[in-house]
Amino acid sequence: PNYGDKAGDRFLYNGYVLHGEMIKNGTIRDVKNFEFRPQDVVVASFPKSGTTWLEEIVFLIQTHLDFKLAASTILESRFPYLEYPYPGLKSIAKQQGGRMIKTHLPLSLLPDDLLQKGTKVIYIMRNPKDVAVSYYHFFRLLSFVNYKGEFRDFLKSFMKNEVVYTPYFPHVLEYWNNRDNPNLLVVHFEEMKKDPETVVQKISNFLGKDLTYDEVRMIVEHTRFENMAINPSVNYSHWEDLGLVNKNEGKFFRKGAVGDWQNYFSEDLNRDFDSWISQNLENTKLAFIFAD
Ligand code: A3P
């Protein structure tokens, strides 16, 4: 089976499933030693949790609503992906001043002192049922993954921790357990859907930026699903030209909804998944929001 990349080449590294390449070429070791700066802002997440959405919000806050720059440069260049080969760690290290960096790595694979340096880290989490549905479609969409299984097969792999960046719960809990650290903010996809103004305000306070209510409203409007979906600077439409997507499998901006899982989970799957969630959340205070 192939759940993650071209060669189905996945490795278990310190308890997490990662692309083999990341380990072979030393990236994962270099990430541990990467020098974050106090002025940097990191957006971290388990894949398909709303990373892109949060990145665009953070970008606008950090640049004091530079809509021009946001429109003229694709998000991948404005917000490089730490552990990805492009642009790569060396290139990110060369960028001057405070950077905006995206990562899907769990806290334990990032530098040990990350939360002690003043670097601001924002983690976005989303309920695992919607994450699994979104991830399933993403693996069908990406031509170099080209997943052809049924949803139930994918879900089983997800629960067996075979998919890249799993196990899901430790990933979330590592961040969640540090939620009292003043340099870490945890936000939920579902609260952003329900009350984006409040969350944008919360993020700007966390980043030490003062925004007027009108500015908050402008960011919310710009980052609404419908607007981001047609914005070529953030919607990854250039992936089509690069041959990275199966065009018959939809788009990166798929539904952006809370509770779409209900269209995918049979009663049986739901029962198994619920008990899997309970086992994993035992003795934690973490709770997810599954419906709007
Ligand atoms: P769906 O596949 O459920 O539609 P990530 O950026 O972490 O890969 O997450 C992608 C998911 O977030 C996709 O979910 C995508 O549609 C959704 N998303 C992206 N921008 C959004 C927005 N502005 N509002 C709501 N959902 C958004």
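1. Helices in this note are DSSP runs of H or I with at least four residues, and strands are runs of E with at least two, numbered from the N terminus. The model is predicted, and local features need pLDDT of at least 70, side-chain atom pairs count only at pLDDT 80 or more, and totals for chains, interfaces and linings use all residues. Residue numbers start from 1 along each chain as its sequence is written.

2. Around the ligand there are 20 residues, a residue being near a molecule if its C-beta atom, placed from the backbone, lies within 6 Å of it; T51, T52, S134, R254 and G256 come nearest. At least two residues of this shell are supplied by each of α3 (51-62), α7 (128-141) and α13 (225-229).

3. The shell divides into nine polar, six charged and five nonpolar residues, where Ala, Val, Leu, Ile, Met, Phe, Trp, Tyr, Cys and Pro count as nonpolar, Asp, Glu, Lys and Arg as charged, and the others, Gly among them, as polar.

4. Helix α3 has twelve residues and reaches 16 Å from its first C-alpha to its last, close to the expected 16 Å, which is 1.5 Å times one less than its number of residues. Twelve of its twelve residues are buried, that is, with 20 or more other C-beta atoms within 10 Å of their own (12 or fewer is exposed, in between is partly exposed; C-beta atoms are placed from the backbone). Just after α3, H64 takes a positive phi of about 45 degrees.

5. E267 is found in helix α15 (residues 267-281), and it counts as exposed because it has 7 C-beta neighbours inside 10 Å. E267 and H171 are 96 residues apart in sequence and, C-alpha to C-alpha, 27 Å apart in space.
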